[in-house]
Amino acid sequence: KNYGWGKGVEVLKVEQDGKSGQLDLDDLKKKMDGVAGVYIENPSYLGFLETQVEEISEIVHGAKALFVVGVNPISLGILRPPGDYGADIVVGEGQPLGNPVGFGGPTLGIFACRGEMEFLRAMPGRVIGMTETVEGGTRGFVMVLQTREQHIRRERATSNICSNEALCAIAAAVYLSLLGPSGLREVAEACASNAAYLMRRLSKVDGIEAPVFKAPHFNEFVMRCDGSILELNRRLLEKRIHGGKPLIEEFPELGEAALLSTTEVHRKEDLDRMVAVIEEVMG
Amino acid sequence: MSRQARWGGEEVLEPLLFELGREGRRGSFVRREVEERFEIPEKRRRRELNLPELSEPTVVRHFTRLSQMNFGVDSGFYPLGSCTMKYNPKICEEVAAW
């Protein structure tokens with residue numbers, strides 16, 4: 001089900017609460033025997049926040065395993081960073097940081113870990129260090145820990161990277177430079193505010209349940225409808241609106257559901273137009 | 001022995017964005033039309049965000065200087081190939097944007 005199969009990694013799924021989506025801590029405890037690491041996403045794939053992160057961190061570290069958290073970087077404009085609640089490794093999709101969606105790429109990944117040598121040596125990707133030149137003592141930048149790299153380690157290298165990812169990373173750096181701390185917070189607030197508005201409006205439409213999970217959300221949420229979600233999406237598309245991503249194949253237990261997302265690019269009239277079309281279809 | 005690239009003379013070294021930052025500056029504004037209260041518990045919110053505060057010209061100048069510390073496709077003829085060969089000639093990018 002993921003790229004781990006190539007390394008022979010066995011993946012166990014931890015149960016979640018059907019109503020709130022929150023991780024089942026008792027089930028997690030039961031499954032911790034001999035586990036190397038636990039991965040959660042916050043906000044989760046289905047949009048809700050995992051609120052028991054401190055408890056999860058404690059259980060994972062109690063079993064001497066690593067706590068890995070996947071994030072949407074924009075959400076970190078308002079949400080506490082995973083390092084704060086004990087994450088050892090943080091990963092994420094870097095595309096939201098000023099890179100176009102571009103039909104699936106090119107894009108970049110975010111990979112961060114605690115600053116310990118044991119982690120750094122195993123880390124994929126180039127590590128650039130800041131140092132001083134021998135003559136003059138001026139600042140300089142060099143690639144460090146090169147023994148992990150493809151030009152030395154060859155096929156056993158942990159670092160395989162291409163200049164086009166660096167190009168995307170520069171775009172992300174420019175984006176964050178222009179936003180700054182207040183800008184990133186405002187983008188995150190606009191995303192969350194738009195989603196909260198859309199959830200409130202949709203929840204009042206007959207035959208629509210939004211959000212399905214009773215938990216705090218960032219900018220994504222699951223919506224369920226009486227009737228066919230594919231038909232609803234088709235009717236939306238007729239009005240030139242992309243509906244949510246249907247979840248009927250990935251999560252059949254959720255029924256006729258779709259994953260919706262709002263960002264800071266959506267205007268109030270966009271959201272109102274979508275609600276109006278859904279009202280018309282459902283009514 | 002390698003030397004650190006410069007964009008100007010020997011004594012000119014480009015500072016880091018964090019060194020260029022000044023409190024209260026910003027490079028862009030975010031449009032927000034919907035003022036809806038969203039439910040994120042206080043405990044889950046972050047208190048500080050350590051990013052530099054920069055004006056747009058500062059950011060443009062910084063990255064332009066960095067680009068001039070290296071010889072690349074924008075500086076002149078570049079006969080090496082692999083990743084860089086995938087870039088379209090500038091004129092084609094221009095035409096594609098018409």
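Here are some questions and answers on a sheet and several salt bridges in this predicted model.

Q: Which strands are the edge strands of the open sheet in chain A?
A: Strands in a sheet pair through backbone hydrogen bonds, parallel or antiparallel. Here four strands line up in the order β1-β2-β3-β4 of chain A, with mixed pairing. An edge strand pairs on one side only, and that picks out β1 (37–41) and β4 (109–113) of chain A.

Q: By how many degrees are neighbouring strands of this sheet turned against each other on average?
A: The sheet is the open, four-stranded one in chain A. Leaving direction aside, the average turn from one strand to its neighbour is 15°.

Q: What is the bridge partner of I40(A) in β2(A)?
A: β1(A) runs parallel to β2 (residues 66–71) of chain A, and five bridges join them. I40(A) has its partner in β2(A), and that residue is V69(A).

Q: At about what angle does helix α2 of chain A run to β2(A)?
A: Helix α2 covers residues 53–62 of chain A and lies across both β1 and β2 of that chain. Those two strands are themselves parallel. Set against β2(A), the helix runs at about 145°.

Q: Is D27(A) buried or exposed?
A: D27(A) shares a salt bridge with K31(A), at 2.8 Å from N to O. K31(A) is partly exposed, at 25% relative accessibility. Buried means under 20%, and D27(A) has a relative accessible area of 9%, so D27(A) is buried.

Q: How many residues apart are E209(A) and R224(A)?
A: These two form a salt bridge, with 3.0 Å between the closest N and O atoms. E209(A) sits in strand β7 (residues 208–209) and R224(A) in strand β8 (residues 220–225) of chain A, so the pair links distant parts of the chain. Both count as partly exposed, E209(A) at 31% and R224(A) at 24%. Along the chain, their separation is 15 residues.

Q: Which helix holds both D272(A) and K268(A)?
A: The two are joined by a salt bridge, the closest N and O atoms lying 3.2 Å apart. Each is partly exposed, D272(A) at 21% and K268(A) at 34%. They are four residues apart, about one turn of the helix, and that helix is α7 (residues 268–282) of chain A.

Q: Which residue of chain B is linked in a network of salt bridges with E54(A), R80(A) and D84(A)?
A: Oppositely charged side chains can pair when their charged atoms come close. Over all chains, the structure holds 23 salt bridges. The network takes in E54(A), R80(A) and D84(A), and from chain B, R44(B).

Methods: Residues are numbered from 1 along each chain as its sequence is written. Chains are lettered from A and ligands numbered from 1 in the order in which they are written. This is a predicted model: local features need pLDDT of at least 70, side-chain atom pairs count only at pLDDT 80 or more; totals for chains, interfaces and linings use all residues. Side-chain values use heavy atoms; hydrogens and water are left out. Two strands pair if DSSP finds at least two bridges between them. Axes are lines fitted to C-alpha atoms, for helices over the stretch in contact, and angles run from 0 to 180 degrees between N-to-C directions. Contact means heavy atoms within 4.5 Å. A salt bridge is a side-chain nitrogen of Lys or Arg within 4 Å of a carboxyl oxygen of Asp or Glu. Buried means under 20% relative accessible area, exposed over 50%, partly exposed in between (1.4 Å probe, protein chains only).
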